[in-house]
Structure formats: structure tokens, C-alpha cells
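Student: I would like to go through this structure and ask what stands behind each label. Where should we begin?
Tutor: With one cut-off, once the structure is in view.

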Amino acid sequence: MLSNVLFVDGEAAKAGLPVSTYARAVLTRRKVATRQTPLEDKMLFELKRCGVNLHQIVRTLNFGNSVPNDTADVLEELNAAIAKVGASYDA
């Protein structure tokens with residue numbers, strides 16, 4: 001019984017929630033996400049930034065315009081960001 005209490009305490013702490021809020025979410029079958037670290041926040045921001053740039057390039061191409069001059073730079077940044085994410089997770 002004590003191990004169950006410790007498990008719930010630990011899972012609530014991972015999610016950054018009080019035990020009561022965590023228990024309510026679990027009992028009502030809501031998804032409980034773990035809290036992101038500052039490093040994960042920075043990586044997500046960087047990947048989103050690269051994705052927005054890539055989307056703008058694709059949109060330009062879909063409208064029949066020529067390939068933008070900075071396409072190679074954007075792809076290089078995206079590859080670098082993906083490599084950083086992979087390295088941080090030892091992938």
C-alpha cells in the first residue's frame with residue numbers, strides 16, 4: 001500500500017501537480033502530461049521556429065513561385081536543430 005502512495009506522489013511530482021489534482025485527473029481518465037524541462041522548452045521552440053520557416057518555403061513553392069534563396073540555410077538550421085534534439089536524448 002505504501003508503494004502505491006509513493007508511486008502516486010512521484011507521478012504527481014513529475015507532472016508538476018498536487019497529488020489531489022493528479023488523482024482527480026487519473027480517476028476521470030484525463031491525460032496527465034509530465035512537465036517539460038527548460039531544455040525541452042527551448043528545443044521545442046527551436047523546432048517550431050525551423051518548421052515555420054520550412055512551411056513558408058513550401059507555401060511559396062505551392063503558389064508557383066521560385067525556390068527562395070534561403071532554402072538551403074533553413075534546411076541546414078532544421079538539420080542542426082534535429083541533431084541537437086537527438087543528441088540531448090542520446091538518439
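Tutor: Buried means under 20% relative accessible area, exposed means over 50%, and partly exposed is in between. Keep in mind that this is a predicted model.

Student: Why is Glu-77 called partly exposed?
Tutor: Its relative accessible area is 34%. That value falls between the cut-offs of 20% and 50%, so Glu-77 is partly exposed.

Student: What makes the contact of Glu-77 with Arg-49 a salt bridge?
Tutor: The N to O distance is 2.8 Å. The cut-off is within 4 Å, for a side-chain nitrogen of Lys or Arg and a carboxyl oxygen of Asp or Glu, so the pair of Arg-49 and Glu-77 qualifies.

Student: Which parts of the chain does this pair link?
Tutor: Distant ones: Arg-49 is in helix H3 and Glu-77 in helix H4 (residues 71-88), with their positions 28 residues apart in sequence.

Student: Which other residue is in a network of salt bridges with Arg-49 and Glu-77?
Tutor: Glu-46. Its side chain meets that of Arg-49 at 2.5 Å, N to O, and the cut-off is within 4 Å, so this is a salt bridge as well. Glu-46 and Arg-49 both belong to helix H3 (residues 38-62) and are 3 residues apart, about one turn of the helix.

Student: How do you know that Arg-49 and Glu-46 are partly exposed?
Tutor: Arg-49 has 30% relative accessibility, and Glu-46 has 28%. Both values lie between 20% and 50%, so both residues are partly exposed.

Student: How many salt bridges does the structure hold?
Tutor: It holds 3. One of them pairs Glu-11 with Lys-14, whose closest N and O atoms are 3.1 Å apart. With a cut-off of within 4 Å, that distance passes, so the pair counts.

Student: What separates Glu-11 and Lys-14 along helix H1?
Tutor: About one helical turn, because they are 3 residues apart in H1 (residues 2-15). An α-helix has 3.6 residues a turn, so residues three or four places apart point the same way.

Student: Lys-14 has 49% relative accessibility; why is it called partly exposed?
Tutor: Exposed requires over 50%, and 49% does not reach that, so Lys-14 counts as partly exposed.

Student: What makes Ala-72 exposed?
Tutor: Its relative accessible area is 55%, which is over 50%, so Ala-72 is exposed. Ala-72 lies in helix H4. It is 50 residues from Tyr-22 in sequence, and the two are 46 Å apart in space, C-alpha to C-alpha.

Student: Which residues of H4 are buried?
Tutor: Thr-71, Val-74, Leu-78, Ala-81, Val-85 and Gly-86. They lie on the same side of H4 because they cover an arc of only 135° around the axis. The buried residues of H4 pack against H3. On the other side of H4, the exposed residues are Ala-72, Glu-76, Asn-79, Lys-84 and Ala-87.

Student: How do you know that the span of H4 is close to the expected one?
Tutor: H4 has 18 residues, and 26 Å separates its first C-alpha from its last; the expected value at 1.5 Å a residue is 26 Å.

Student: Why is Pro-38 called exposed?
Tutor: Its relative accessible area is 60%, over the 50% cut-off, so Pro-38 is exposed. Pro-38 is in helix H3. Between Pro-38 and Lys-48, 10 residues apart in sequence, the C-alpha to C-alpha distance is 15 Å.

Student: What is the secondary structure of the protein chain?
Tutor: It comes to 4 helices and 0 strands, in the pattern α-α-α-α along the sequence.

Student: Why is the protein chain called more spread out than a compact globule?
Tutor: Its radius of gyration is 20 Å, and the globule rule gives 12 Å for 91 residues; the value is well over the rule, so the chain is more spread out. The C-alpha atoms fill a box of roughly 65 × 30 × 20 Å along the principal axes. Buried residues make up 14% of the 91 residues.

Student: Which element has the lowest mean pLDDT?
Tutor: H1, at 76, while helix H2 (residues 19-27) has the highest, at 86. The protein chain averages 82, and 92% of the residues score at least 70.

Note on methods
Residues are numbered from 1 along each chain as its sequence is written. This is a predicted model: local features need pLDDT of at least 70, side-chain atom pairs count only at pLDDT 80 or more; totals for chains, interfaces and linings use all residues. Side-chain values use heavy atoms; hydrogens and water are left out. Helices (H or I, at least four residues) and strands (E, at least two) are DSSP runs, numbered from the N terminus. Buried means under 20% relative accessible area, exposed over 50%, partly exposed in between (1.4 Å probe, protein chains only). The expected span of a helix is 1.5 Å times one less than its number of residues. The arc is that of the directions from the helix axis to the C-beta atoms. Contact means heavy atoms within 4.5 Å. pLDDT is the predictor's confidence in each residue, from 0 to 100. The radius of gyration is taken over C-alpha atoms; the globule rule is 2.2 Å times the number of residues to the power 0.38.
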